[in-house]
Amino acid sequence: MRDEDWLADVESSYDTVAESYAELVRGALDGHAYLMSALSLFAEQVTACGGGLVADVGCGPGEVAARLDALGLDVLGIDLSPRMVDIARRRHPSPRFEVGSMTDMQLATGSLAGVLAWQSLIHVPDEAVPAVISGFHDAVRPGGRLQLLFHAGEGSWVKTEGYGGHPMNVRVHRRQPDEVATVLGVGGFEVEAQTVLDPGGEAPQAILSARRLP
């Protein structure tokens, strides 16, 4: 599949579901102690390495970016879907939001203190993941932080409907944390922690925290 094919499918699918998705995730972080702790840790690590601009890549309607902003970070939310970005700007006026792709973030080398990508890699084909990680590496300064959240496991499936019955056409990938950690290592990051949430459940998620090497 060509890059433009899956990117176009992701953009159009999330434009279609944007309003329903935004309502579904409104306040969804409340009560999720492990996710909130992960965000707090990311904010503390960014501050400890000198602070600066961080990017929430695949920010959707801006819920996570708003939490990072409340934790004192300077946040840029980036999403492929213009409708998601419109909603994020309307709901959360403090962070800055821009339409963009994680495959080409158009950011200066070393301009970020960190990247947070929650459930953003799940639609990226396996063959494109190393290039995405390379882009993160270029954008983050040495010693900066990277935190990923993704579906843990094996295999993938095509999501054809979601968030209120709207049509979608995106492939969803599960990945093993160790495999993602290996890609990060090759891409110039040192993985410092791996956490699997709900490991025995139907939809386990993995959190990887990493530091950009010199």
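Let me start with H137, which lies in helix 5, residues 129-139. One thing to keep in mind throughout is that this is a predicted model. Is H137 buried or exposed? Its relative accessibility is 18%, and buried means under 20%, so H137 counts as buried. Leaving out residues up to four places away in sequence, H137 touches G187, G188, F189, R212 and L213.

Helix 5 also has a place in the strand arrangement. The chain leaves strand 4, residues 112-118, and reaches strand 5, residues 140-151. What lies between strand 4 and strand 5 along this crossover? The path goes through helix 5, and the β-α-β crossover is right-handed. Strand 4 and strand 5 run parallel and are joined by 6 bridges. One pair to look at is A117, whose bridge partner in strand 5 is L148.

Strand 4 itself is mostly covered, with 7 of its 7 residues buried. Strand 4 also pairs with strand 1, in the parallel sense, over 3 bridges. On that side, V54 has G114 as its bridge partner in strand 4, and A55 has V115.

That brings me to strand 1, residues 53-57. How many of the residues of strand 1 are buried? The count is 5 of the 5, so strand 1 is largely enclosed by the rest of the structure. The side chains alternate: L53, A55 and V57 point one way, V54 and D56 point the other way, and all are buried. Note that D56 is in that buried set.

Strand 1 has a second pairing to describe, with strand 2, residues 74-79. Those two strands are parallel as well, and the pairing covers 5 bridges. V54 appears here again, with V75 as its bridge partner in strand 2. Between the two strands comes helix 3, residues 63-70, and strand 1, helix 3 and strand 2 make a right-handed β-α-β unit. In helix 3, the buried residues include E63, V64, A65, A66 and L68. After helix 3 comes G72, which has a positive phi, near 95°.

Now the nonpolar cores. As background, nonpolar side chains tend to be buried together in soluble globular proteins. The largest nonpolar core here has 44 residues. Which of them touch the most other members? They are V57, V115, V124, F136, L146, L148 and L184. We have already met V57 on strand 1, V115 as the partner of A55, and L148 as the partner of A117. The largest share of this core comes from helix 1, residues 3-25, which supplies 7 residues. Apart from this core lies another, of 23 residues, including A43, V64, A113 and L149. V64 is one of the buried residues of helix 3.

Going back to L184, what is it in contact with, leaving aside neighbours within four places in sequence? The list is I133, L146, L148, F189, V191, L208 and A210. F189 was also on the list for H137.

Last, empty space. Rolling a probe the size of a water molecule over the atoms shows where such space is left. In this model the count comes to 1 cavity of 30 Å³ or more. The volume of the largest cavity is about 40 Å³. Its lining is made up of L121, V129, F150, R175 and V180.

Note on methods. Residues are numbered from 1 along each chain as its sequence is written. This is a predicted model: local features need pLDDT of at least 70, side-chain atom pairs count only at pLDDT 80 or more; totals for chains, interfaces and linings use all residues. Side-chain values use heavy atoms; hydrogens and water are left out. Buried means under 20% relative accessible area, exposed over 50%, partly exposed in between (1.4 Å probe, protein chains only). Helices (H or I, at least four residues) and strands (E, at least two) are DSSP runs, numbered from the N terminus. Two strands pair if DSSP finds at least two bridges between them. A crossover is right-handed if, with the strands pointing away from the viewer, the path from the first strand over the helix to the second runs clockwise. A nonpolar core is a set of buried Ala, Val, Leu, Ile, Met, Phe, Trp, Tyr and Cys residues joined through side-chain atoms within 4.5 Å. Contact means heavy atoms within 4.5 Å. On a 1 Å grid over the protein atoms alone, a cavity is a set of points where a 1.4 Å probe fits but cannot get out, and a pocket is an open set with protein on both sides within 12 Å along at least five of seven lines; lining residues have an atom within 4 Å of a point. Grid points are joined across faces, edges and corners, and a volume is the space filled by probe spheres set on the points.
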